[in-house]
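Student: I've got this one open in the viewer and would like to talk through how its helices and chains fit together. Can we start with the vocabulary?

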Amino acid sequence: MKKLVSLLLGATLMVGVLAACGSTPSSAPAGSTASAKTSTPASGDKVTVRMTYWNSEETMADLLAYLETAVPDVKVEYQFIDNTNYATIVDTQLAAGEGPDIIVEAANSALKHARLGYLEDVTVLSEKFSDAGNAIFTYEGSVYALPGVSWFEGIWYNKDLFTENNIELPKTFDEYIAVCKKFEGIGIKPLAAGLKSWEPMLKNSMAFVTAEYLTAPEGKGFGEKYRNGETALNGTWNTYIEKWSEMITEGVYTQDMTGIDHEQAMEEFTSGKAAMFCSGPWDLEAILAKNPDLNLDMMPFYGTQPSDGWMIGGPGGGFAVNANSKEKEAAMKVLEAIATPEAQKALVANNEGGSSYLVGLDTGLPQYYNGVETTIKAGNIFCPWDEWGAAGGAHQDYGVEFQKYLMGEQDIATTLANVDVVVEELLAK
Amino acid sequence: MKKTRKFYPGTLGKYFLLFILPALVIYLIFSILPFVFTFFYSFTNYTDMNPTNLNFVGFTNYIKVFNTPIMRKAILNSVIYAFVMTGMQTLLGLPLAVILDKKLKTRNVMRAVFFFPAVFSALIVGYLWSYIMSSSDYGLINNLLHQLGLGTVNFFGPKNALFSVLISQIWQWTGWGMVIFLANLQSIPKDLYEAAEIDGAGGLKRFFKVTLPLMAPSVKIVVITGLVGGMKVFDIIYSMTKGGPGDATETVMTVMMRQGVSKGFYSTGAAFGVIFFIVVMLISTLITKLMGKWSEAIS
Amino acid sequence: MKTKTLGKNRNRRSLVITESIMILVALIWFVPVYYLIVTTLKTPQDATNNPLGLPSPFVFGNYAYAWEKMEYPRAFFNTAFITVASVALIIILGGMAGYAIARTKTKAGTRMFLLFMAGLVVPFQMNIISLYSIVKNLGLMNSHLSVILVNVAVNLPQAVFLLKEFIESTIPLELEEAAEIDGCSVPGKFFRIVFPLLKPVIATLAIITTLNVWNEFMTPLLLLQTRDKGVILQEVSRNIGQFSTDWTAMFPMMMLGVAPLIIFYIFMQKYIISGVAAGAVKG
């Protein structure tokens, strides 16, 4: 026993010594701690700044190329971190006083990091962007990230299947259900959906509630009240979800679909076995690769009343500057360059279908989006959980609870109440 | 074989320390020290919203863990997973090793085939089996069923999703168990077999009387690493079902990673980890004891 | 005499039957891998319309594309360096510790064993936040050394456990005593007598730790931030991205990612089998 104790002591001492070595800055080899932040004077006074994002480098290629010419004295090093690990890794690094110089932020993480003082105030630069883009990155009156190009999810549909079977495009939710019934009647799956994931029902149901309630006068302030803990889903959303649940009772969404992935659902759609598929511009390339001859267009979601339709979406990841960055000036220069029409065009070029929030810049829409042009023109793109502040992450729980509802494990009131519990917990943090 | 095995306590003298120290130092710094921090955090109010002003909050986090609603389901799923996985790995892997230890012409190729799945990361295996078990018409199994005129089977329903994940893992890791068993079989002297053959022991009898007792070390390794690893299962669940549909495949680790890391409740996550550590430690100590008794009994 | 040849014939026949059954099982076992491989050689359309058939036409461009996109040679050398260094350290340090524990039946020995066993139980993912600050304070951020050391720490418990069990149960003490009489020191005994006898186990351990280290994703992702330091799995993840659904582009990257492992296993298999000889000598 004595031996063990002395041994452990010895070992712990060694740990202490080693750790001490590391924390005295002089003993660490210069620059080894600060990953990519060392300026290398040898290669022509270029300063390197690290930028992290959860989208692949291809979606940023043109912007990065543009930055290289627009900000010649700064080298932007792009680091991709996949979506599932992004928040964990960035939070860990920021908490240690390190982290990327330029951070691409989702709405809820931007607010969190702003509150903790990790981010630089970029209000001045943000004035070049519309309020619709800035709103979700605003904390206590200041803007902490420049909005990226927009994302949206609508319903891709196979035009040929509609015309061949003389089926009219729907203009309301009830018409939509009727359309689905017609397809079912002729042996075509109306809507391909990968319900193994929690995402499809989240977006589909929220689009309906957006059209029916959240954008109506009585529901306009819901998001703000919700994040302040003044209201709950259970008790306010029930009637709308009740109506929406026709998607399940009418057999558009089935329990068997929990065995299907997003990818497999897409294959059902591209091969003509299914008439519709809910997704966004990010899947366009993959859809066309699987079937280049597909006659493709997109339609929006509808409420019970005729309208221009609604889509789920909002500003993509916002560009923020790390307040602890050793190259803050260089990072700000890069952000200045991003807030120009040229940079925004470059960004849109790699994200077709998305549009910029820069005031006065209209980049137009490629084909395939004819059916949602009026929707976009009307500004009917909305992401409910972007308004939930610190509880934004609960949107995943919302989707999971809806899976349980689909499988008949609980009723609508329980489903909504369970989400409320998670939101409350997150807000109390 | 009388029990005259002599052990010399501390025969290695100073070399005991010398031999163990390099491993111990690395292990203490990069494995135990982080755990000590975690233990410390589990009594504080550390969250992603509050990373610096830590206060002690006693056992609050531990109480929270027990009040997490899906905890019971997660623990049950982890236990089912660990026991089924370990059982199948042993029950399939051991005979497989014995058969592929025989003088079969194709045994090298077959060993490679059975081991092959183990080289893939959970990401690939998740994709692959999601496709095979998909309830869309393209799902390999359902496609076959449709061609036979049968209805669709949903492998990812609330009742069977966990077992579907298990099937993919049995496919992936049986070969791994086989390799460990093979290493053990290789070290069994062949003359023992010959002696048994002269005694007139047949195949099955020989397996139980001669092979199995000598396989104790490898069985012990496969069972203990299997149970402990099974309790900690995370990667494959993540790539195949993400704990869904609903909460059908939530395990202790998926709940812990989501609550404790993704959602930023770091200190609750830490308490979660400490409890989990104690539970798994207890189970594995118990199993080690049982296994020790078993190998004593058969030798 | 007669009965014996009869027995031999029956033996041979049962071997043939066993072999046929096993080949059938192996074929079924192989279907998923077959699907993975043929998909890598198809066009996206072909893969959707004809998932299990042979590719028509064969497309090798998928691999060329993957090779280039992943910056394969660089990613490969980074991964290989990390893996070789980690596995070598795990085996040597784990072997030494396992031997010391196996041959020290004192309380200190048992306690040390329990300490290592505890590492088997700790879910490593839960400690990443403190691990990050330790690595940062040691000044090892964005270095291969940090990943290697973490890999060693995470895999040591299993190695110690495995080697201790095998040393205890398969290396006779008498052999070591004989060596001691010949004037062998402790390190001499270990490296010259025990280590060579452990060959089949070490080959096995090398295979399983190589798998663990090669397929480890979280540690490099957390600790290696610049692309020139990155490993293969980071490249796979970088190119697949969040929304990718193009399996014909994705699977080749995954195959290139594990191809070295497959070659390594086939190479190592020889050493596991050569253990037969070692075992025979010992008996």
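Tutor: Sure, let's begin with handedness: a crossing is left-handed if the near helix is turned anticlockwise from the far one by less than a right angle, and right-handed if it is turned clockwise. Keep in mind that this is a predicted model.

Student: Then which hand does the crossing of α1(B) and α6(C) have?

Tutor: First, the geometry: the axes of α1(B) and α6(C), residues 128-137 of chain C, come within 8 Å and cross at roughly 125°. By the sense of turn we just went over, the crossing of α1(B) and α6(C) is right-handed.

Student: Is α1(B) parallel or oblique to α6(C)?

Tutor: Look at the angle again, roughly 125°. Roughly perpendicular stops at 115 degrees and roughly antiparallel needs over 145. The angle falls between those cut-offs, so α1(B) and α6(C) count as oblique.

Student: Which residues make the contact between α1(B) and α6(C), and how many of them are nonpolar?

Tutor: From α1(B) come B:Ile29, B:Phe30, B:Leu33, B:Pro34, B:Phe37 and B:Thr38, while α6(C) brings C:Ser130, C:Leu131 and C:Ile134. In this contact no residue is charged and two are polar, and the nonpolar ones number seven.

Student: Zooming out, what is the secondary-structure make-up of chain B?

Tutor: Read along the sequence, the pattern is one α after another. Chain B has zero strands, and its helices number 13.

Student: And what share of chain B is buried?

Tutor: For the setting, the C-alpha atoms of chain B fill a box of roughly 75 × 70 × 30 Å along the principal axes. Among its contacts between residues at least 6 apart in sequence, 69% join residues at least 24 apart. Of the 299 residues of chain B, the buried share is 51%.

Student: Which helix gives the most to the side of chain B that touches chain C?

Tutor: That contact takes 75 residues from chain B and 74 residues from chain C. Several helices of chain B each supply at least two residues, including α7 (161-186) and α13 (266-298). By class, this side of chain B has 53 nonpolar, 14 polar and eight charged residues. The top contributor, with 16 residues, is α1(B).

Student: What about the side facing chain A: which helix of chain B gives the largest share there?

Tutor: Here 33 residues of chain B are in contact with 32 residues of chain A. The elements giving two or more residues are α1, α5 and α12 of chain B, and the residues on this side divide into 16 nonpolar, 13 polar and four charged. The largest share, six residues, comes from α1(B).

Student: Inside chain B, why does α3(B) count as oblique to α7(B)?

Tutor: Helix α3(B), residues 71-99, packs on α7(B) with the axes 7 Å apart. Their angle is about 45°, and under 35 degrees would be roughly parallel, while roughly perpendicular begins at 65. So the pair falls in between, and α3(B) to α7(B) is oblique.

Student: How many charged residues are in the contact of α3(B) with α7(B)?

Tutor: The crossing of these two helices is right-handed. Their contact has 17 nonpolar and seven polar residues, and the charged count is no residues.

Student: Last one: which residues have the most contacts inside the largest nonpolar core?

Tutor: That core has 301 residues. Leaving out residues up to four places away in sequence, A:Val334 touches A:Val49, A:Leu67, A:Val71, A:Val74, A:Val76 and A:Ile102. Those with the most contacts inside the core are A:Val334 and C:Leu156.

Technical notes. Residues numbered from 1 in each chain as written. Chains lettered and ligands numbered in written order. Predicted model: local features only at pLDDT ≥ 70, side-chain atom pairs only at ≥ 80, totals over all residues. Core = buried A, V, L, I, M, F, W, Y, C linked by C-beta atoms within 7 Å. Buried ≥ 20, exposed ≤ 12 C-beta atoms within 10 Å, placed from the backbone. Contact = placed C-beta atoms within 7 Å. Helix = DSSP H or I, 4+ residues; strand = E, 2+ residues; numbered from the N terminus. Nonpolar A, V, L, I, M, F, W, Y, C, P; charged D, E, K, R; others polar. Axes fitted to C-alpha atoms, helices over the stretch in contact; angles between N-to-C directions.
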